[in-house]
2 protein chains.
Amino acid sequence: MEKEIVKLISDAGSVAIYPHVSADGDAIGSSLALGMALRNAGKRVEIFIEEDIPTVYRFLPGLELAGFHNEEDETADLNIALDTGDVGRLGSRAEFFFKAPCSINIDHHITNTKYAHLNFVDALSASTGEIIYSLLLELNIPINTDIAVCLYTAIATDTGGFQYQNTTADTHRIVAELLSTGINVGEVSQRIYDNTTYEKLKLNARAINLLELYENAKLAVVTLSLEDIQSTGAKEEDCDGIVNIGRSIESVEVSVLIKERSKNEARINLRSKTYVDVSEVAAAFDGGGHTRAAGCTVNGSLEEVKGKIIEAIKDKL
Amino acid sequence: MEKEIVKLISDAGSVAIYPHVSADGDAIGSSLALGMALRNAGKRVEIFIEEDIPTVYRFLPGLELAGFHNEEDETADLNIALDTGDVGRLGSRAEFFFKAPCSINIDHHITNTKYAHLNFVDALSASTGEIIYSLLLELNIPINTDIAVCLYTAIATDTGGFQYQNTTADTHRIVAELLSTGINVGEVSQRIYDNTTYEKLKLNARAINLLELYENAKLAVVTLSLEDIQSTGAKEEDCDGIVNIGRSIESVEVSVLIKERSKNEARINLRSKTYVDVSEVAAAFDGGGHTRAAGCTVNGSLEEVKGKIIEAIKDKL
């Protein structure tokens, strides 16, 4: 981390921290960890959130530092945005963010637009939590169990439980140090991962029952109508992980979720395991993405869309 | 590790390795890692398995070392049992195991009966994989990517993806070293975790649809009849993770699986999250287990059993 950033934080009397909108485990965990550490170092700290902290993260320590911004709030010496790739991700707090005499942007997204006075973007870090860990070392602020739990949550969630490709040797090295502060791994894992809703489970069951296998069980397709989603009481966002259900089957190489958007339009999510480039499939329908995860929007009835997608994939299997 | 064990392995010209029956990721990963390392050190190595290597682990390197024991097989200088708590877990290979001039037992199960000539049991290790890692360091055998992938698989599977309570700072420190050999974490994780069957998914969907919530959604109960299991084409062992489905719901403290065994008997699996001691519930029905995971067998029809179990739990919630 640049010495200038470390010195600015070290010298500030008051600091305001900004996680991104729709804050996830990394944004919240990093913000709480940095907030508690700076408070322990004697600074006045506030964390300005855009929405309520999601229920799943309400077990984390330091929540008393987080709140909504009021017009009467004094401007802090230093505003720090965490895990926030661009100004749009500051939401309604953007104006206030730039009011401080100095602003810092700390992030790990390679697409970060470097919108603050000082910017530290490390795209090799799997999470902002890892960057905050190193920052606290440089600031010489001890990492107690409370801070460690928040950083652990940040890192574990952004690496998909240390499973994603972004997980590095450094990720595990940092987590080792965090665990040695005395974190209860079993309990924290449960808090982070065991947080589904009954409705989401019902939607998963519906998806499993609708799942079809093609091409010698190498292709899994789930087709969800609006009616399917609504009848389980699940929310739109509950569809997020459904494409992974098909991929979890041993024989499957490509998993597809076809989700009805309207009578004549469907959103397609594509995942592959080892050899099919699904970004090519998506591109054929003007969509985009990566080799193993891509998406597109296709016109037609659900049955028509399914036919088109299977046709586009089957020669690649 | 005792110097004597390291020296014996170091001096041996031929070594036979024995994972336990129904070998899991730790037994297989540890055996392949040690086997490849000793082969690289110039020894003749065989891994004697009890059953075929499960499909999920067939991506691992070193499989050519594994095979079934034949009557004609020469006795090795040294037989090493890995992750094997007692002689029973050697299955049909037990007799052959004790024929070598010297046998070593390396394990992390606290219940290990120390049945070999030399025994190294480290119950603080989350996995046998971690012990093998340290052993290879002591033997001065380089850990290449192939060996690292096997050890990673051993450690990741026995810690439930680093989520279980047994995961330590050392676990992560060792994994950091393994990753620095160049493991493809994303691909290996997928191989390890994305290996369900269509039938098991169907059983999960059935379980979700049968799931009932009681006591303000703090108690989840799934009651599976023999017919429920058979109709999905799933196997008995596919029921293993079902009790975790209920526990994954945010509001749930206790999750129960009631599985029909016969017309008048059911097997009960109990899990809790933070405050109910389910071993007490199990004990009331002459069962046993731990605070957060326990089980018992109860007589009666499924409906009767369900009534008894709910009655036994509800005052604890």
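**Salt bridges in a two-chain prediction**

I'll start with Lys306(B), which is buried, its relative accessible area being 8%. The cut-off for buried is under 20%, so a value of 8% puts Lys306(B) in that class. Bear in mind that what we have here is a predicted model.

What does the side chain of Lys306(B) meet in a salt bridge? The partner is Glu303(B), with N to O at 3.4 Å. Both residues sit in helix H12 of chain B, and because they are three residues apart, about one helical turn separates them. Is Glu303(B) buried or exposed? Glu303(B) is exposed, at 56% relative accessible area. So this bridge joins an exposed Glu303(B) to a buried Lys306(B).

Staying in chain B, the next pair is Lys316(B) and Glu280(B), whose side chains form a salt bridge at 2.8 Å, N to O. Where do the two residues lie? Lys316(B) is in the segment that follows helix H12 (302–314) of chain B, while Glu280(B) belongs to helix H11, residues 278–283 of that chain. The pair therefore ties together parts of chain B that are 36 residues apart in sequence. As for accessibility, Lys316(B) counts as partly exposed at 31%, and Glu280(B) is also partly exposed, at 45%.

Now to contacts between the chains. Glu177(A) forms a salt bridge with Arg173(B), and the closest N and O atoms are 3.7 Å apart. This pair crosses from helix H6 of chain A, residues 169–179, to helix H6 of chain B, residues 169–179. The salt-bridge criterion is a nitrogen within 4 Å of a carboxyl oxygen, so the 3.7 Å distance for Glu177(A) and Arg173(B) qualifies. Glu177(A) has 35% relative accessibility and counts as partly exposed; Arg173(B), at 33%, is partly exposed as well.

Which residues are linked in a network of salt bridges? They are Asp170(A), Arg173(A) and Glu177(B), so residues from chains A and B take part.

For the overall count, the structure holds 26 salt bridges over all chains. The ones I have gone through are among them.

Last, the annotation. An unreviewed UniProt entry carries "domain: DDH" over residues 15–155 of chain A. Across that stretch, chain A is 30% helix and 19% strand. The C-alpha atoms at the two ends of the stretch are 23 Å apart.

Definitions and conventions. Residues are numbered from 1 along each chain as its sequence is written. Chains are lettered from A and ligands numbered from 1 in the order in which they are written. This is a predicted model: local features need pLDDT of at least 70, side-chain atom pairs count only at pLDDT 80 or more; totals for chains, interfaces and linings use all residues. Side-chain values use heavy atoms; hydrogens and water are left out. UniProt positions are given in the numbering used here, feature names are shortened, and annotations may be inferred rather than shown by experiment. Helices (H or I, at least four residues) and strands (E, at least two) are DSSP runs, numbered from the N terminus. Buried means under 20% relative accessible area, exposed over 50%, partly exposed in between (1.4 Å probe, protein chains only).
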